[in-house]
Structure formats: C-alpha cells, structure tokens
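Q: I should be grateful for a close look at a single part of this model, followed outward to whatever surrounds that part. Please explain each technical term once.

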Amino acid sequence: MKPREIRLSTTPTPEAIAELRLGDIVYLDGLMYTAREGVYMRALEEKANIPMELPSESAANFHCSPAARINADGSFDMGAVTATASFRFAKWLPEWMEKTGAKLIIGKGGMTSRDYKSYFVPNGAVYLSTVGYGTGALLGRGVENVEAVHWNEELGLAQAMWVIRCRKMGPFIVASDMNGDCLFERENAKIAQNIERVYEGTKPAVLKRYGESDDRSDEVI
Amino acid sequence: MIPIDLIQKTAETLMDKAAIEIPEDYLTGLQEAARTEDGDLSSFVLKAMLDNYEAAKADRRAMCGDTGVPRWFVKLGNDAKVEGGMCALETALRRATATATNGVPLRPNRVHPLWRTDHNNNVGIGAPEIEYGFEPEGEWIDLITVHKGGLFGTDYRMLFPSDGIQGIKRFYLDSLMAFGKRGLACQPAIIGIGLGGSKDICMTLGKRASVLRTVGSRNSDPRIAEMEDEFKELGNSIGMGAMGFVGKNMVIDCNIEVGYCHTGGMPMSVHAFCLSSRRAVARIYPDGRVEHRADPDWFTPYQRRETVEWEPVREAAE
C-alpha cells in the first residue's frame, strides 16, 4: 500500500493536525525554524528573548543544523538540511511548546509515546520525522529562502536559529498522532515477534557490563 | 616529488565528491535493496534515498545535512616524496577541510568536547584525523576522505575465546538492534566488524572495515569471507529495514577485518557506515597525474601481512 501524501502549513489548524495518521507523508509550506539544545538552553535557561513571533510566524520546530554558510555580504547559502536525533531534547520540549505554541516537532527518530501522551497531545502537537535521515538534498530543494539566522554569534552556525521559508518541503513521515501513538513503537512491536528466532543459538557474553545490571553491588564476571 | 598545491587541490575535490556523490558500489547495493524490499514504509524510504542521490548530484549539494566528521586516510608508496614534507601534507589536508566546509558547504560539525568551541570549519584539536598506511612500492600517494556520521551505530566489547562465534553473533545482533531501532544507525548500512587487536586497534579495524572496503568485497581469508556472507544474511533476517520500519534490508554489506590480539581475549567492535556512505579516493603521482577511483583498496596483502619479513614473491606462490 502506498502511503498517503499531504500538504501541510507550518502554522497548521487543529483540524489539519487531527487529520494526520501514522505513516502519512507530509510536505510543508510556510516558515520553519531550527532549534536544538543551543536555542533551548539560551531561551529557556538563560531566558533570552526569542527573536521571532511564535507561534504566529511559525509553529514548526526543526531539530536540525543545516549544511550552510553565511556569505560576506550577509546573504545565506543553504545546501542540504537533515534532522538530528530528537530524544535528547525531551528535557526542554514541554516548556518550549508551552512558551512557543509549537505544533509540529520535526526531527530524527521521534520521541516515546510517553512524551507524546504527556505533552504533545495536550499541546495539540505532533511529531514529523525526516525520511531515511539522509534526504538532505531533497529537503534542501524545499527551502525557498533563508529568512534569517538568529544567535549565530552566540551559538555558532550549527546551533543557531535558522528561519527557513519552505515550499513543498519534504518528505516527512507522521510519527505521532492525536492519540499519542508512536509509529516507531508500532514498528518495534511488529519486529519484536521475530527476535527470539534471530537470536536462537547465540549466547550472552562471558563478561557482563554495568548497564546490563544497574545494581552496582553486583559483580559483572 | 609530489607538488603540495596539487595535494591541496585534489583534497578539495575529494571533499566535494565525498559529500555530494554516493559511491557507485553503495548505490548498486541500495538499488538491489530497493528492488527486494516489500515493507511499505521501508520501500518508500529507500525510494526517497535514491531520489535524494539524484537531487544531490544534479544540484551539487550535500546528500545529507549532517555532513559527518571529515577525516583522512593517507597511503604512501615506499618511494613517495611530498613537497615540503609530511607536515606540509597535513597542513594541506587541514586547509582543504576548512575550505570545503565553507565551499560545498558542509555542516561545521566539529566542536571542542567540553567548551563546545566551533571554528565553523571542521578543523580543531585532532580534527580532521589523519591516518597513514604504506605500500612496499610506488612513488604515488593515495588520499582518501571519509565523512562518517559521529553519534550512533558503533560499539565495542571485550569478548573472550570462550564466547566463540555464537558470542560474536550475539554482540553483532545486539549492536544492530540497539542502533537500528528508529533507524538511528541510518541503515541500510555497510556494517564493519573489527575482531582482535588491542582495544583501540579493534575500533580502528571495525571502522576501516566499514569505510575503507567496498560493497561486494570479501576478506582474503576464505573462512572470514564466509562469515561476512553469513553475517550479512543474519542482519537482514531481523525483519528491520530503513528507519527501523518493518523490512528486510538493514545490512548492505558486512565487512570483517582482523588483527592479532592478546591470547586471553577476543575484542570486537561494530560500526555502521550510513545511507550517505561518504568516501572519495584519488591517487596522485609525481608527474602530476591524478586518478580518481571508488575503491580505497586499503586492505592489500601488505596491510594484512602476518610474517616478520615482507616476501611478496613467496606469498604469491603459496
């Protein structure tokens, strides 16, 4: 079965978000901004003023550092854009969503259904995953213009807040929905049925490691 | 004498090619995977990846926004001489890395581990790594750049002889399961396994097995070559495909490299070279010729030699 393809605004209506189903393919139009640990720490921990009107300008937070440069004349060149793994940002996301009204969190690998149920759904937000994690050139083609780069001086190119105008930027895959269900956990559960057969005949290592036991009074030999 | 300007110019070209053009051997492997894949979502992902390679090449933009951590492998024929000496060579490679980061552009990924200082050019303390190898004959120098991802898909474990092949399989599967879920390893990947050596060399062997051998190559030891086939199939039988979705393509190929280790141990490392397997190779001759090729051809009989003396004639006769 071929996945469903949808065009979505980066300031989506609640109805448009409710429509999305796990595994749908999404293409985005409108303004999107990048924010990862650097931006979160600066905005939430150091309480710096966010240099955009959120969510009216954009409700789409991309966990991304682009392959890009700032030219001597102040213009920008953006080549490829790809997401970075999102699970590391769970610490800041609830407060970020509350503060910025972000409705689309876009990144790599998704979050857990616990994250989705506890603060995505209550904030009316869903998670969109990039595809293959390597479709940087395709996503780059969806960048109509780089509108601004904020906090480059403070955070460096990779952590700065890039504001991107997208036109049919994609593909992205819908990885959470308004039930708080998680696409990756659904797939994991299907794959798990086969694990026993694949591992048949293998044996655990002679020398154990902490992590396999979290009790530090245990020996690992 | 190999002109230093030619080294820098060639290195810049290699940086560009590695970031933009998927190597032919990996592309062939992924096309084959796309043909056999029957998971809905996995199929969609593989097709998008193939489109992405086309887009990157047509637009001359990087395949992936995370352009990895650029590094260099340099191999010298025994009679090679570099204008300005080896320190000049290292400077040329650092310059090429910085220039290409701004030129392609690449993402300036390299930062100080504690202070997070970013020079915005992928150059810093120990970066890019430059590693060396030598061959018994030749006046040429091989430049190989690899821009491997930096965070997921790699693990090390000290196994022991009593763990046996079944223990090796277990750790291999554990690594694929750990990093394959949600596709953090950016599979389907070229999986490299390092067996033996001391701890650091074990990691090096596995890394080189994943990034310096091509898809379809086999270890010169026929029993290890058999293991490579078996491990490829084993990885693809998990039922996990691209992005951790249900599918049958996780391993584009599995390469194993070995080194002699402590008699009591059997250290093992696993590495995954991702969907944007960025590598580029060129050989430079003293007369100014530059030959680009896909195969790093790192693991020659000389690199895998077991004997005290190097006696190529006798080895060839055996």
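In what order do the 5 strands that form an open sheet in chain B lie?

A: The model is a predicted one, in which local features need pLDDT of at least 70 and side-chain atom pairs count only at pLDDT 80 or more, while totals for chains, interfaces and linings use all residues. Residues are numbered from 1 along each chain as its sequence is written, and chains are lettered from A and ligands numbered from 1 in the order in which they are written.

The order of the 5 strands in chain B is β2-β1-β3-β8-β9, and their pairing is mixed. Strands (E, at least two residues) and helices (H or I, at least four) are DSSP runs, numbered from the N terminus; two strands pair if DSSP finds at least two bridges between them. At the edges of the sheet stand β2 (130-135) and β9 of chain B, each of which pairs on one side only. From one strand to the next, the twist averages 20°.

At one edge, β2(B) is joined to β1 (69-77) of chain B by 6 bridges, in the parallel sense. W72(B) has I130(B) in β2(B) as its bridge partner. At the other edge, β8 (279-284) and β9 (290-293) of chain B run antiparallel and share 4 bridges. There V281(B) is matched with R293(B) of β9(B). These two strands, β8(B) and β9(B), form a hairpin with 5 residues between them, and G288(B) in its turn has a positive phi of about 95°.

From the sheet we pass to the helices. In chain B, the axes of α1 (4-20) and α4 (85-103) come within 8 Å and cross at roughly 35°; axes are lines fitted to C-alpha atoms, for helices over the stretch in contact, and angles run from 0 to 180 degrees between N-to-C directions. Among the residues that make this contact are I4(B), I7(B) and A11(B) of α1(B) and A88(B), L89(B) and A92(B) of α4(B). Residues are in contact if their C-beta atoms, placed from the backbone, lie within 7 Å.

The helix α1(B) also meets α3(B): the buried residues of α3(B) pack against α1 and α2 (24-36) of chain B, and against α5 (136-141) and β9 (161-174) of chain A. Those buried residues include L41(B), F44(B), M49(B) and Y53(B); buried means that 20 or more other C-beta atoms lie within 10 Å of a residue's own. With 20 residues, α3(B) reaches 28 Å from its first C-alpha to its last, close to the 28 Å expected at 1.5 Å a residue, the expected span being 1.5 Å times one less than the number of residues. R60(B), which follows α3(B), has a positive phi near 50°.

The contact of the two chains takes 56 residues from chain B and 47 residues from chain A. On the side of chain B that touches chain A, the elements giving two or more residues are α3 (40-59), β4 (155-159) and α5 (164-180). The largest share, 11 residues, comes from α3(B).

The helix α5(B) has 17 residues, which should span 24 Å at 1.5 Å a residue, and its end C-alpha atoms are indeed 24 Å apart. Its buried residues, among them I168(B), F171(B), L176(B) and F179(B), pack against α8 (195-199) of chain A as well as β4, β5 (189-196), α7 (222-236) and β7 (266-273) of chain B. Just after α5(B), R182(B) takes a positive phi of about 60°.

Technical notes
Buried ≥ 20, exposed ≤ 12 C-beta atoms within 10 Å, placed from the backbone.
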